[in-house]
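Load the model in a viewer and keep the sequence panel open. Each stop below says what to select and what is there.

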Amino acid sequence: MWNIKVDGKNVGEIELFQESEDSVNVVWLGVREEGRGKGIATAALDATIADVKSKGYKQMTLEVPGDSPDARHIYESRGFVANEKISDDDNIWGGLTKMTLKFDDSLEHHGILGQKWGVRRFQIEDGSYTAAGKERYSVDTKPK
């Protein structure tokens with residue numbers, strides 16, 4: 001378990017569990033009441049996702065309580081998808097739903113085929129190129 005600190009003060013915790021060689025489970029993510037609504041849980045989750053992904057894992061999972069719509073909103077906004085309902089409503093957690101975030105490298109943005117980066121600084125309002133743009137982005141179509 002890791003402490004989540006803001007200005008040196010412990011405001012929450014996050015705990016992870018390696019469930020397989022490709023997957024890490026978020027066992028617990030909690031922010032104390034005085035730290036809620038300030039983006040702390042989101043920042044902690046973002047940092048955790050980046051760290052887990054950088055270590056080569058293929059996915060993260062978690063179980064979200066049914067009575068925590070704010071938590072579920074944070075997870076969904078980060079790409080987690082509800083997979084299955086683990087338990088029905090109960091008097092403590094309101095039921096649990098398993099959620100998964102898959103790290104699919106094919107979804108990373110590597111540009112658009114044919115995109116010429118920085119081209120806008122060489123364009124005029126009407127979309128035509130400046131003299132420097134014509135020189136920089138001209139394509140020689142003559143056979144050699």
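Start by selecting aspartate 7 in this predicted model. Is aspartate 7 buried or exposed? With a relative accessible area of 81%, aspartate 7 is exposed, because the cut-off for that class is over 50%. Aspartate 7 sits in the loop between S1 and S2. Check its backbone: phi is near 50°, a positive value in a residue other than glycine.

**The hairpin**

Extend the selection to strand S1 (residues 2-6) and strand S2 (residues 9-20), which pair in the antiparallel sense over 5 bridges. The two strands form a hairpin, and 2 residues lie between them. To see the register, pick tryptophan 2, which stands opposite isoleucine 14 in S2.

**The whole chain**

Now zoom out and colour by secondary structure. The protein has 3 helices and 6 strands, and along the sequence they follow the pattern β-β-β-α-β-α-β-β-α. Of the 144 residues, 29% count as buried. Turn on a surface: the protein exposes about 10400 Å², and carbon and sulfur atoms supply 50% of this area. For a contact map, note that among contacts with a separation of 6 or more, 45% are between residues 24 or more positions apart.

**Strand S4 and threonine 61**

Select strand S4 (residues 59-65). How many residues of S4 are buried? The count is 6 of its 7 residues, so S4 is mostly covered. S4 runs parallel to S3, and 4 bridges join the two strands. Across this pairing, valine 26 stands opposite leucine 62 in S4.

Within S4, pick threonine 61. Threonine 61 counts as buried because its relative accessibility is 1%, where the cut-off is under 20%. Display side chains here: that of threonine 61 makes a polar contact with the side chain of glutamate 19, at 2.6 Å. Leaving aside its neighbours within four places in sequence, threonine 61 is also in contact with residues including Ser23, Val24, Asn25 and Val26. Its list of contacts further includes Phe80, Lys98, Met99 and Thr100.

**The nonpolar core**

Next, hide the surface and go to the largest nonpolar core. It has 23 residues, of which Leu29, Tyr75 and Phe80 touch the most other members. The elements that give two or more residues to this core are S2, strand S3 (23-31), helix H1 (40-54), S4, helix H2 (69-77) and strand S6 (96-102). Which element supplies the largest share of this core? That is H1, with 6 residues.

Select tyrosine 75 from this core. Tyrosine 75 counts as buried because its relative accessibility is 9%. Not counting neighbours within four places in sequence, tyrosine 75 is in contact with Leu29, Leu45, Leu62, Val64, Phe80 and Met99.

Add phenylalanine 80, one of the residues in contact with tyrosine 75. Phenylalanine 80 is buried too, at a relative accessible area of 3%. Show both rings. A pair of aromatic rings is described by the distance of the centres and the angle of the planes. The count of aromatic pairs comes to 1. In this pair, the ring centres of tyrosine 75 and phenylalanine 80 are 5.8 Å apart and the planes are at 65°, so the arrangement is edge-to-face. The step rests on the cut-off, because planes over 60 degrees apart count as edge-to-face.

**Strands S5 and S6**

Move to threonine 97 in strand S6. Threonine 97 is buried, with a relative accessible area of 12%. Setting aside residues up to four places away in sequence, threonine 97 touches Leu62, Glu63, Val64, Arg72, Ala82, Glu84, Lys85 and Ile86.

Finish on isoleucine 86, placed in strand S5 (residues 81-87). What class does isoleucine 86 fall into by accessibility? At 43% relative accessibility, isoleucine 86 counts as partly exposed. Beyond its neighbours within four places in sequence, isoleucine 86 is in contact with Glu63, Leu96, Thr97 and Lys98. As a last check, draw a distance between the C-alpha atoms of isoleucine 86 and valine 64: the separation is 9.7 Å, for residues 22 apart along the chain.

How values were computed:
Residues numbered from 1 in each chain as written. Predicted model: local features only at pLDDT ≥ 70, side-chain atom pairs only at ≥ 80, totals over all residues. Heavy atoms only, no water. Phe/Tyr/Trp six-rings, centres within 6.5 Å; stacked < 30°, edge-to-face > 60°. Buried < 20%, exposed > 50% of the residue type's maximum accessible area, 1.4 Å probe, protein only. Pairing = 2+ DSSP bridges. Polar contact = N/O pair within 3.5 Å; in protein donor to acceptor, adjacent residues only side chain to side chain. Contact = heavy atoms within 4.5 Å. Areas by Shrake-Rupley, 256 points an atom, 1.4 Å probe, with all protein chains shown as cover. Core = buried A, V, L, I, M, F, W, Y, C linked by side-chain atoms within 4.5 Å.
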